[in-house]
Amino acid sequence: MPADSNSPDLLSGHPNAVYGVDWSPDGKLIASASLDNTVKIWDAKSGKQLARMPGHGDGVSAVAFSPDSKTLFSSSLDRSIKIWNIASASLVTTVAAHANFVWSLAWSRDGKSVVSGGYDSTACLWTPDGTRLQSVKPSGQPVMAVASAPAAAGGWHVAASKDSNAYVIDPRADKPRLTLTGHNGAIEGVVVSGDGSQVHTAGQDKTIRTWNAKTGDVVRVVDGHKSYIQCLAISADGTLLASGSQSGEIRIWNATTGRLFKTLSGHANTVYSLAFAPDAARLVSGSFDRTVKVWEMATGRRVTRRRER
């Protein structure tokens, strides 16, 4: 329930920075990844912690639910990817994934593959059981964010790099098909529109750029924040875009027009990850301030836990 600023967050429990969050496609669960080396699963409605899943040997950087909400991938600074069974909250397998930090994850829309990005400058494609399908090094700089396009649009993925470019990579290709050039600084966030026609990127130059996914042409540039933009999320219906910044501010945008819809304030440090609920009625955010916050889109207010009497 929305409440005053002193009310506790709906989700509470990480003792260190939260680098990754995701909302299950069935709407029931939220996952969070923290520098405390754990993954946590939460009831999205009540805020109850359902599972604490240790196992990574270093901070956990990202989490991603499968489209059927039955499997979770987590990536870590320990260079591995772990695959978890959600029903039993148990580890299925650990994959030695990259030669440096694994920083980002994204499932394909059809559930047939997962793309990861790492500080070893590679973007890798995996089967749901952890078999490597593809490894591409688009540049000599770390891959900071990844995203996948729907199968109907070609099933390609995007790797956003610290070198200020984003790279469109086709399945089974050994090099990028397109280079999206225009940012002045590392790209920290990337998402693909619902129909796969556009790519949205954001980063250290404080702008959000929208690109034509076929031609690589710039469609729109928006001055997004007054500080670095650390992450992006897009709603399942493709109408809303969310950006999180180094200042802790979150902004919600009309994804079609680029117009600012709402500003969310409450984090005390960098917002590292964002994810919309499937119906886009709520948004979850993870921050370096060690909190996971849930927001109501209609009101822009933080959702808090009911106090027991």
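## Cavity, pockets and strands

Colleague: What volume does the largest cavity have?
Modeller: Keep in mind that this is a predicted model. A search of the whole structure finds 1 cavity of 30 Å³ or more. The volume of the largest cavity is about 60 Å³.

Colleague: Which strands each supply at least two residues of its lining?
Modeller: Start with the lining itself. The largest cavity is lined by H200, I208, T210, R220, V222, L241, W253, N254, A255 and G258. Now place some of these on strands: β19 spans residues 207-212 and β20 spans 218-223, while β23 covers 250-254. The strands that each give at least two lining residues are β19, β20 and β23.

Colleague: How many residues of that lining are charged?
Modeller: Sort the lining of the largest cavity by class. It has 5 nonpolar residues and 4 polar ones. Arg counts as charged, and R220 is in the lining. The number of charged residues is 1.

Colleague: Which residue stands opposite T207 in β20?
Modeller: β19 and β20 run antiparallel, and 5 bridges join them. They form a hairpin with 5 residues between them, and G216 in the turn has a positive phi of about 85°. Across from T207 in β20 stands D223.

Colleague: In the hairpin of β23 and β24, which residue takes a positive phi near 80°?
Modeller: β23 pairs with β24 (residues 260-264) in the antiparallel sense, over 4 bridges. Within that pair, R251 stands opposite T263. The hairpin has 5 residues between the strands. The lining of the largest cavity includes the residue asked for, G258.

Colleague: What is the volume of the largest pocket?
Modeller: Turn from the cavity to the pockets. The second largest pocket has a volume of about 300 Å³. For the largest pocket, the volume is about 1200 Å³.

Colleague: Which residues of its lining are closest to the centre of the largest pocket?
Modeller: The lining of the largest pocket counts 47 residues. By class, 31 are nonpolar, 13 polar and 3 charged. Strands β1, β5, β9, β13, β17, β21 and β25 each supply at least two of them. Closest to the centre are D22, L105, A106, V191 and L274.

Colleague: How many charged residues line the second largest pocket?
Modeller: This pocket is lined by 17 residues, and S113, L125, G155, P171 and R172 lie nearest its centre. The lining holds 7 nonpolar and 7 polar residues. The charged ones number 3.

Colleague: Which strands stand at the edges of the open sheet of 4 strands?
Modeller: The order in this sheet is β9-β10-β11-β12, with antiparallel pairing. An edge strand has a single partner, so one of its sides is left without a neighbour in the sheet. The edge strands are β9 (102-107) and β12 (132-136).

Colleague: What is the bridge partner of V102 in β10?
Modeller: β9 pairs with β10 (residues 114-118) in the antiparallel sense, over 5 bridges. V102 belongs to β9, which begins at residue 102. Its bridge partner in β10 is G118.

Colleague: How many residues of β25 are buried?
Modeller: β25 spans 271-276, and it is mostly covered. β25 pairs with β26 (residues 282-287) in the antiparallel sense over 5 bridges. One bridge sets A275 against V284. The buried residues of β25 number 6 of 6.

Colleague: Is A280 buried or exposed?
Modeller: A280 lies in the loop between β25 and β26. Its phi is near 65°, a positive value in a residue other than glycine. Its relative accessible area is 10%, and the cut-off for burial is under 20%. Therefore A280 counts as buried.

Colleague: What is the relative accessible area of N37?
Modeller: N37 sits in the loop between β2 (29-34) and β3 (39-43). N37 also has a positive phi, near 75°, without being glycine. N37 is partly exposed, with a relative accessible area of 23%.

Colleague: What is the radius of gyration of the protein?
Modeller: The protein has 0 helices and 28 strands. For 309 residues the globule rule gives 19 Å, and the value found here is close to that, so the protein is as compact as a globular protein of that length. Of the 309 residues, 59% count as buried. The radius of gyration is 18 Å.

Technical notes: Residues numbered from 1 in each chain as written. Predicted model: local features only at pLDDT ≥ 70, side-chain atom pairs only at ≥ 80, totals over all residues. Heavy atoms only, no water. Pairing = 2+ DSSP bridges. 1 Å grid on protein atoms, 1.4 Å probe; cavity = no way out; pocket = protein on both sides within 12 Å on 5 of 7 lines; lining within 4 Å. Points joined across faces, edges and corners; volume = space filled by probe spheres on them. Rg over C-alpha atoms; globule rule 2.2 N^0.38 Å. Buried < 20%, exposed > 50% of the residue type's maximum accessible area, 1.4 Å probe, protein only.
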